[in-house]
Amino acid sequence: MATGQLFSRTTQALFYNYKQLPIQRMLDFDFLCGRETPSVAGIINPGAEGFQKLFFGQEEIAIPVHSAIEAACAAHPTADVFINFASFRSAAASSMAALKQPTIRVVAIIAEGVPESDTKQLIAYARSNNKVVIGPATVGGIQAGAFKIGDTAGTIDNIIHCKLYRPGSVGFVSKSGGMSNEMYNTIARVTDGIYEGIAIGGDVFPGSTLSDHVLRFNNIPQVKMIVVLGELGGRDEYSLVEALKQGKVTKPVVAWVSGTCARLFKSEVQFGHAGAKSGGEMESAQAKNQALREAGAVVPTSYEAFEAAVKETFEKLVEEGKITPVKEIKPPQIPEDLNSAIKSGKVRAPTHIISTISDDRGEEPCYAGVPMSSIVEQGYGVGDVISLLWFKRSLPRYCTHFIEGLTPYEFVESMKKKGIRVPGIGHRIKRGDNRDKRVELLQLFARTNFPSVKYMEYAVQVETYTLSKANNLVLNVDGAIGSLFLDLLAGSGMFTKQEIDEIVEIGYLNGLFVLARSIGLIGHTFDQKRLKQPLYRHPWEDVLYTK
């Protein structure tokens, strides 16, 4: 592996499996460092395409979303880092697919629990093709003032406190992501800071080792000293011992192997990481520390003395003229997000529209004060909803029948030309332990009145699986209506399978949702007129204009 620097101020990455917070943290770090271009070139979200809106300093940008790794690599040929936030179930397959792309040079695997056999295949492929794997079970890495992976180094406040917005003189490598954050802080207190930091991950078989990165640091001119934090378990540190003995590492190395407390336990102890388990005396922290010390590394007597050892080594290099401490600079202020500023009471933001006909706050939306669950329970039709949204009251049944006009059959026929895919899983408020009452009422109605509810039951099974991934992936009202509509078609005996397939393919059920929103928009128009307000025009500064 060896070679040298992995990242620079122009490095760009592809981010697999969209996560808003780590991507925004990367972009905020870019702005803090004064980068001209965002470090995230594209997002890969299997099954989805389009854009995701995020901030790059004060400016809102649209980052392209691709459904496949190959398409993303083709669209962004200069992005050579692949940041993989897939779950342990799919992390290996997606990482291998990325490694096989000619444009990808570094793959960072965040997930814990990746099968060891899969990791070994990734390592073998990467080494034979001169590529780098960081992880699995890693937070990633950072080059100060240039590029960072995902959540590395935590919040912006922590990054500023650790002076990671500009390069220092220290190369740092650790197994632990959490302890890396601690050491970034420690190193910033007693030196001019980090130049590059890597957390290789705590699995038994990391994609790259402590010595791999130490040897890289030795080839980077800006790195003047190296700090290593190992841990008990495995024999990775001994490859560093051999490198020191063979003179392959010429820069000062300050090292500590944590886990010396393991000897206080009567039986073998498994610490936090999968690899943090001593398999004998040679894998103990004491044995590794002694071997590193004998090989020429600066090894303190305890972790508490680690900081002093780093400080002493740095100051000696300064005295010898080998390090000229980096001059401190003031980083730019990261703009605070409006929502967090409002919550903290720092700003007040005007609303853009007045509404008296509907209210989306609370557990469920209300139309003219009538909860959505009541509308479902009382069997309200389109005419009833129009009476609430347009006239702000429940009109008599003969009035709502007159408003509806079309029979259900005529209405369905008129919707055949509509064709939009129905989303059915996920809700921004409802959770597995707080279901949408509308869905429950629809399901109760169907179980009571429909001859068959096999599609609804299938949807419930899908929901059971998705809830095992995230508590907000509940069956929403769109999904409930979609599945029950299939049961209606199949159970009525009036449609052939071919006809039902055609109806599903056309997707005209979405006409119902378009109609509902159209009724609401018309209701808001009447509401604005009633309130003697000008017709609502959305502020142009709230629109992200893109090509």
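This passage describes salt bridges, backbone features and one strand with its neighbours in a predicted model.

Salt bridges are a good place to start. Side chains of opposite charge can pair when their charged atoms come close. The model holds 22 salt bridges, among them the pair formed by the side chains of Lys346 and Glu336, with 3.2 Å from N to O. Lys346 sits in the loop between α11 (338-343) and β14 (358-359), while Glu336 belongs to the loop between α10 (306-319) and α11, so this contact ties together parts that are ten residues apart in sequence. The two partners can also be placed by their accessibility. Lys346 is exposed, its relative accessible area being 59%, whereas Glu336 is partly exposed at 39%.

A second pair is made by Lys430 and Glu363, whose closest N and O atoms are 3.2 Å apart. Here the bridge links distant parts of the chain, 67 residues apart: Lys430 comes from the loop between α15 (408-414) and α16 (437-449), and Glu363 from the loop between β14 and β15 (366-367). Lys430 counts as buried, because its relative accessibility of 5% falls under the 20% limit. Its partner Glu363, in turn, is partly exposed, with a relative accessible area of 48%.

The salt bridge between Lys497 and Asp501 has its closest N and O atoms 2.9 Å apart. Both residues belong to helix α19 (residues 497-506), where they are four residues apart, about one turn of the helix. Lys497 is exposed, at a relative accessible area of 63%, and Asp501 is partly exposed, at 38%. Elsewhere in the model, a network of salt bridges links Lys163, Arg166 and Glu328.

Attention now turns to the backbone. The peptide bond leading from Gly135 to Pro136 is cis, and its omega is near 0 degrees. Pro136 is found in the loop between β7 (132-134) and β8 (140-143). The loop between β7 and β8 also holds Ala137, a residue that has a positive phi of about 60 degrees although it is not a glycine. With a relative accessible area of 18%, Ala137 counts as buried, since this value is under 20%.

Asn17 likewise is not a glycine, yet it has a positive phi of about 75 degrees. This residue lies in the loop between β1 (13-16) and α1 (20-33). Asn17 is partly exposed, with 24% relative accessibility.

The strand at the end of that β7–β8 loop, β8, leads on to a set of paired strands around β11. Strand β11 (residues 194-199) is mostly covered, as six of its six residues are buried. On the one hand, β11 is joined to β8 by four bridges, and these two strands run antiparallel. In this pairing, Gln143 stands opposite Glu196 of β11. On the other hand, β11 is joined by five bridges to strand β10 (residues 170-174), and that pair runs parallel. Ser174 has Ala199 in β11 as its bridge partner. Helix α6 (residues 177-190) joins the picture as well: together, β10, α6 and β11 make a right-handed β-α-β unit. Strand β11 thus takes part in an antiparallel pairing with β8, a parallel pairing with β10 and the β-α-β unit.

How values were computed. Residues numbered from 1 in each chain as written. Predicted model: local features only at pLDDT ≥ 70, side-chain atom pairs only at ≥ 80, totals over all residues. Heavy atoms only, no water. Salt bridge = Lys/Arg side-chain N within 4 Å of Asp/Glu carboxyl O. Buried < 20%, exposed > 50% of the residue type's maximum accessible area, 1.4 Å probe, protein only. Pairing = 2+ DSSP bridges. Right-handed = clockwise from strand over helix to strand, strands pointing away.
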